[in-house]
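Hello,

Here is the structure I promised to pass on to you. Have a look at it first, and then read my notes below.

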Amino acid sequence: MANYYSDHPEIGFYLNHPLMARIVELKEKGFADAKEYDYAPVDLGDAIENYKQILDITGDVAANIIEPNSESVDLEGPHLENGRMIYASKTYENLDATRKAGLWGVSMPRRYGGLNLPNAVFSMLSEMISAADAGFQNIWSLQSCIDTLYEFGSEEQRQKYIPRVCAGEGMSMDLTEPDAGSDLQRVMLKATFDEKENCWRLNGVKRFITNGDSDIHLVLARSEEGTKDGRGLSMFIYDKRQGGVNVRHIEHKLGIHGSPTCELTYKNAKAELCGSTKMGLIKYVMALMNGARLGIAAQSVGVEQEAYNEGLAYAKERQQFGDKIINFPAVYDMLSRMKAKLDAGRALLYETAAYVDIYKCLEDIERDRKLTPEEKQECKTYKRLADAFTPLAKGMNSEYANQNAYDAISIHGGSGFIMEYKSQRLFRDARIFSIYEGTTQLQVVAAIRYITNGTMLNNIKEMYEGLEVKESLQGLKNRIGLLIPVYEESLAKVKALENQDAQDFLARRLYDMTAELVMSLLILRDATKAPELFEKSANVYVRMTEEDVIAKMSYIKLFQVEDLANFKAAEPETEA
């Protein structure tokens with residue numbers, strides 16, 4: 001019987017990540033829970049075995065319930081009845097199966113009913129569920145909103161809401177409005193304090209809200225009257241049981257049909273303040289978005305895997321000109337690049353997730369006691385790494401998911417354009433990944449300061465110098481060594497332009513070069529440890545990186561500020 005965990009040993013490989021022992025040590029806080037909960041691990045080996053069991057259960061549910069339901073969910077989709085969203089019928093089966101399997105609130109401490117899973121393992125679950133149905137992954141993975149409530153809410157709010165999520169209630173983050181998309185400073189949904197009821201009231205409209213009729217909402221609203229920027233925004237908790245919010249419209253989308261995207265009307269809806277006023281956008285949404293972006297990276301890797309599977313299976317069966325098409329260079333070149341992007345993207349995902357785990361665990365420990373100076377430095381180091389790597393992981397994997405889904409259709413030829421084949425659905429689903437939770441262009445904006453200030457260059461050099469590879473991979477490492485000065489020269493050239501428009505124009509090229517060098521080093525590391533899984537991909541990916549970095553270097557080297565005029569289709573419009 002199929003199992004999305006055991007069928008893909010590349011996932012389980014990352015349970016042996018170099019930082020995993022430290023993550024478990026911090027997450028389990030000396031394995032103190034073992035005294036109170038008989039299912040809590042007693043040591044590192046026990047923790048890893050627990051993770052494997054949860055991954056195996058999820059792999060089974062994903063392969064044998066969620067994936068078989070995916071076509072029906074895609075065709076039916078959610079609908080609207082009397083101001084309420086109704087899921088596709090098979091979505092309810094998926095929800096029931098994941099609840100019975102105990103796959104809700106999994107990142108939360110055991111005292112609230114959670115499984116205390118690290119982010120890296122949550123990302124593995126997320127990847128598998130996405131491979132089965134990316135639309136359902138949206139609904140399921142939004143449980144991670146509870147991390148923000150746990151981090152910034154009061155203990156009373158934790159005890160009130162976290163057990164409900166652990167029992168399987170859904171969440172949403174209500175951020176976007178008709179006039180506030182990427183620019184969330186323009187949010188105008190109004191929050192006013194009701195002195196008589198001693199609560200906050202929310203009024204206004206939210207748009208493009210994923211899983212918008214959820215049980216528990218985190219809502220960004222303007223609490224400070226007269227303000228127009230991010231400093232006037234706060235975060236609120238809205239409980240659907242309180243009423244006051246209706247679904248006005250469900251969007252008809254290109255893909256992820258099972259995931260309801262709603263327009264909501266708030267009419268004097270009762271809400272609770274989460275954390276402090278005025279910190280909604282500045283602090284809390286940033287935490288939400290970073291978590292969501294890592295979630296999209298995992299979602300993307302799942303679709304990268306499924307698109308590769310579909311292309312490979314078809315190429316093995318399809319015959320043309322008397323031979324299986326998998327034997328044609330044009331096809332196996334495409335497949336090898338798909339697999340290389342998948343393996344390199346997955347390596348970046350779990351590297352980033354590990355960085356997030358280290359600093360998040362340390363921040364959690366700090367709620368109970370002071371960190372030692374060494375722990376404070378460790379927390380600072382890994383937070384900086386997580387901030388630098390998260391936009392790379394989200395941006396590159398979302399682009400790779402689009403590319404792999406596109407190539408899967410190409411391998412299928414005309415059949416790929418027919419709705420009966422899964423590849424068309426993967427293509428439709430993947431398109432949103434590089435748009436929502438921050439477009440790839442915004443991921444470039446988030447990453448570029450770590451690139452231009454030399455942080456990523458130093459990271460790349462440190463990774464390279466500390467990398468020991470097996471003899472058969474030494475030549476590939478040497479080739480990366482020759483690319484690092486090329487990258488450094490390109491970076492210096494862009495900075496020397498001293499023109500912000502030109503630097504912004506070239507930023508995407510620096511971003512791609514940075515990410516590709518990082519992923520090349522990661523996949524070489526992984527190929528040394530597990531050549532049977534990654535050596536072929538390492539050979540392909542390093543050559544792809546070489547091809548791309550040298551081409552981008554040539555482009556940057558010849559670029560002049562005056563060249564910008566050639567790319568402007570028209571004079572920029574000014575606001576009236």
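Which residues have the most contacts inside the largest nonpolar core? Please keep in mind that this is a predicted model. The residues in question are Leu15, Tyr51, Leu202, Tyr266, Ile451, Met456 and Leu524, and the core they belong to has 158 residues. Helix H10, which covers residues 329–365, supplies the largest share of that core, with 19 residues. Another core lies apart from it and has 32 residues, including Leu149, Phe152, Ile216 and Val285. As background, nonpolar side chains tend to be buried together in soluble globular proteins.

Met456 is a good residue to click on. Leaving aside residues up to four places away in sequence, Met456 touches Ala388, Phe389, Leu392, Tyr450, Ile451, Tyr487, Thr514 and Val518.

Next, the short helix H2, residues 20–28. Met20, Ile23, Val24, Leu26, Lys27 and Glu28 are buried there, and the buried residues of H2 pack against helices H3, H5 and H10. Arg22 and Glu25 also lie in H2, 3 residues apart, which is about one turn of the helix. Their side chains meet in a salt bridge, with 3.1 Å from N to O. Both are partly exposed: Arg22 has 23% relative accessibility and Glu25 has 45%. Just after H2, Lys29 takes a positive phi of about 50°.

How many salt bridges are there in total? The count comes to 45, and two more of them are worth finding. In one, Asp33 pairs with Arg110, their closest N and O atoms being 2.9 Å apart. Asp33 sits in the loop between H2 and H3, and Arg110 in the loop between H4 and H5, so this pair ties together parts that are 77 residues apart in sequence. Asp33 is partly exposed, at 24% relative accessible area, while Arg110 is buried, at 5%.

In the other, Arg346 of helix H10 pairs with Glu127 of helix H5, 219 residues away in the chain. Their closest N and O atoms are 2.5 Å apart. Arg346 is buried at 0% relative accessible area, and Glu127 is buried at 2%. Both belong to a network of salt bridges that also links Glu10, Lys339 and Asp343.

Finally, the cysteines: the count of disulfides is 0. The sulfur of Cys166 cannot bond to the closest cysteine sulfur, in Cys145, because the two are 14 Å apart, too far for a bond. Likewise, the sulfur of Cys361 is 10.0 Å from the closest one, in Cys379, which is also too far.

Enjoy exploring!

Key. Residues are numbered from 1 along each chain as its sequence is written. This is a predicted model: local features need pLDDT of at least 70, side-chain atom pairs count only at pLDDT 80 or more; totals for chains, interfaces and linings use all residues. Side-chain values use heavy atoms; hydrogens and water are left out. A nonpolar core is a set of buried Ala, Val, Leu, Ile, Met, Phe, Trp, Tyr and Cys residues joined through side-chain atoms within 4.5 Å. Buried means under 20% relative accessible area, exposed over 50%, partly exposed in between (1.4 Å probe, protein chains only). Helices (H or I, at least four residues) and strands (E, at least two) are DSSP runs, numbered from the N terminus. Contact means heavy atoms within 4.5 Å. A disulfide is a pair of cysteine sulfur atoms within 2.5 Å. A salt bridge is a side-chain nitrogen of Lys or Arg within 4 Å of a carboxyl oxygen of Asp or Glu.
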